[in-house]
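Trainee: Please choose one part of this model and take me through it closely, and then set it in the context of the rest of the chain. I would like each term explained where you use it.

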Amino acid sequence: MDLVKLKSFLTEQNLPEYRFRQIVKNYYSGRYLSFDQMTDLSIDLRSKLNSQFSLYSVSEEKIVGDQSTQKALLKLIDNQKIESVLMNYDEWITACVSSQVGCALNCQFCATGKMGFIRNLAPQEIVDQILYWNQKIYPSFVGRIVFMGMGEPFLNWDNLLESLKLINSTEGLNIGARKISISTAGVADKIIEFANLDTQINLAVSLHSANQSFRETIMPIAKKYNLEELKKACLYYVSKTNRQLFFEYALTDKNTSQNDAKLLANFIDSHHLFFVNLIPLNPVEDGLNCATKEQQEKFMNSLNQLRVMYSLRRSFGQKFSAACGQLATESK
Ligand code: SF4
């Protein structure tokens, strides 16, 4: 639903301003699947809205998962498909949203990367993923958002910022900035721009290796922004915001040697605001393999000795086509 168009449509119909606020409030409440259910509007207005607008831009194609984690394949109005994930095992219910259909960055361990870039998501298509989950779990609601689904959020910059406004605003989803996290594959110049926004939104960087040549092989974007440039941008971010910066590190059989731990420790350089999130990899076809339990243990022991601050994150089970983009690529 395009809110700008909605506003001008209501003005053309000579309807008072409060009608706009009422419809927007209904829309963000996550209670209504269609205009027809908005019984606080006249039948005439509901039918006009139905003929001019579609309330949501996403519809469910498939859903998999269990009580704690669900993953949905969502169809957009142009029939493109994206994924969105709901995680319900913390104090807050978290939605992981996509920012693009496909992705241009082609990381070796990612199913979305294998799709190539198709298009950016509009702000409303990002927000509607959250509303989709709110409808599913009503009267509970999503309290945290992570931009870690399909796509590189920083390469859909304008729409990302617009969606953040809608998510954060009291007239929108009213989710506090500190409860939103964005993950980038390391678009260094955008990390600097993001720091300059002076927001309390959390930032995570997909690092996955502190070895420049290996990182280039698994994340082609590392050729454009090398580790030195990336680190400079990260240091700028923490000095400007004084906020912790999270580095995502997928545990594979190729980046968990003792030397990898040393390189990671060097990159982190004991910075008190740099924190590493270790994630057991969900393998994709022709990609990397997850590190064995033994490799993971050894790597963590090395990090302990090198005094690197980290946590081991739980991984979404492989039986649910867990890797980012796996459901969307399997549905083709
Ligand atoms: S990991 Fe993220 S940035 Fe890399 S290809 Fe996948 S979606 Fe794109």
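Mentor: Let us begin with the ligand, around which 12 residues are placed, the closest being Cys-103, Cys-107, Cys-110, Gly-113 and Ala-185; a residue counts as near a molecule or strand if its C-beta atom, placed from the backbone, lies within 6 Å of it. By residue class, this shell is made up of 7 nonpolar, 4 polar and 1 charged, where Ala, Val, Leu, Ile, Met, Phe, Trp, Tyr, Cys and Pro are nonpolar, Asp, Glu, Lys and Arg are charged, and the others, Gly among them, are polar. Please keep in mind that this is a predicted model, in which local features need pLDDT of at least 70 and side-chain atom pairs count only at pLDDT 80 or more, while totals for chains, interfaces and linings use all residues. Residues are numbered from 1 along each chain as its sequence is written.

The part I would look at closely is helix H7, which covers residues 188-196; helices (H or I, at least four residues) and strands (E, at least two) are DSSP runs, numbered from the N terminus. Within H7, Ala-188, Ile-191, Phe-194 and Ala-195 are buried, and a residue is called buried if 20 or more other C-beta atoms lie within 10 Å of its own, exposed if 12 or fewer, and partly exposed in between, with C-beta atoms placed from the backbone. These four buried residues lie on the same side of H7, because they cover an arc of only 110° around the axis, the arc being that of the directions from the helix axis to the C-beta atoms. The background is that an α-helix has 3.6 residues a turn, so residues three or four places apart point the same way. On the other side of H7, Asp-189 and Asn-196 are exposed.

What, then, covers the buried residues of H7? The cover includes strand S8 (180-184), strand S9 (202-206) and helix H10 (227-241), with contact meaning that the C-beta atoms of two residues, placed from the backbone, lie within 7 Å. Ile-191 of H7 also appears in the largest nonpolar core, which has 82 residues, among those with the most contacts inside it, together with Ala-95, Phe-109, Ile-130, Ile-145, Ile-167 and Leu-251; such a core is a set of buried Ala, Val, Leu, Ile, Met, Phe, Trp, Tyr and Cys residues joined through C-beta atoms within 7 Å. For Leu-251, the contacts beyond four places in sequence include Leu-278, Ile-279, Pro-280, Leu-281 and Phe-299.

The backbone just after H7 also deserves attention, since Asp-198 takes a positive phi of about 60° there. Most residues other than glycine have a negative phi, and most peptide bonds are trans. Positive values are found elsewhere as well: Ser-270, with a phi of about 55°, lies in the loop between helix H11 (258-268) and strand S11 (274-280), and counts as exposed because it has 11 C-beta neighbours inside 10 Å. Arg-307 has a phi near 60° in the loop between helix H12 (293-305) and strand S12 (310-312), and its 9 other C-beta atoms within 10 Å are why it is exposed. As for the peptide bonds, the one from Tyr-138 to Pro-139 is cis, with omega near 10°, and Pro-139 sits in the loop between helix H5 (123-137) and strand S7 (144-147).

To place H7 in the whole protein, the domain assignment gives domain 1 (1-55) and domain 2 (57-330), bounds of this kind coming from an automatic or database domain assignment. To the contact between the domains, domain 1 contributes 8 residues and domain 2 contributes 11 residues, and the side of domain 1 that touches domain 2 divides into 4 nonpolar, 2 polar and 2 charged. The C-alpha centres of the two domains lie 34 Å apart.

Finally, consider two residues in loops beside helix H3. Phe-35 lies in the loop between helix H2 (17-29) and H3, is buried because it has 22 C-beta neighbours inside 10 Å, and, leaving aside neighbours within four places, is in contact with Arg-46, Leu-49, Asn-50 and Leu-55. Ser-57 lies in the loop between helix H3 (43-52) and strand S1 (58-65), and is buried because 22 other C-beta atoms lie within 10 Å. Not counting residues up to four places away, Ser-57 touches Leu-76, Ile-77, Gln-124, Glu-125 and Asp-128.
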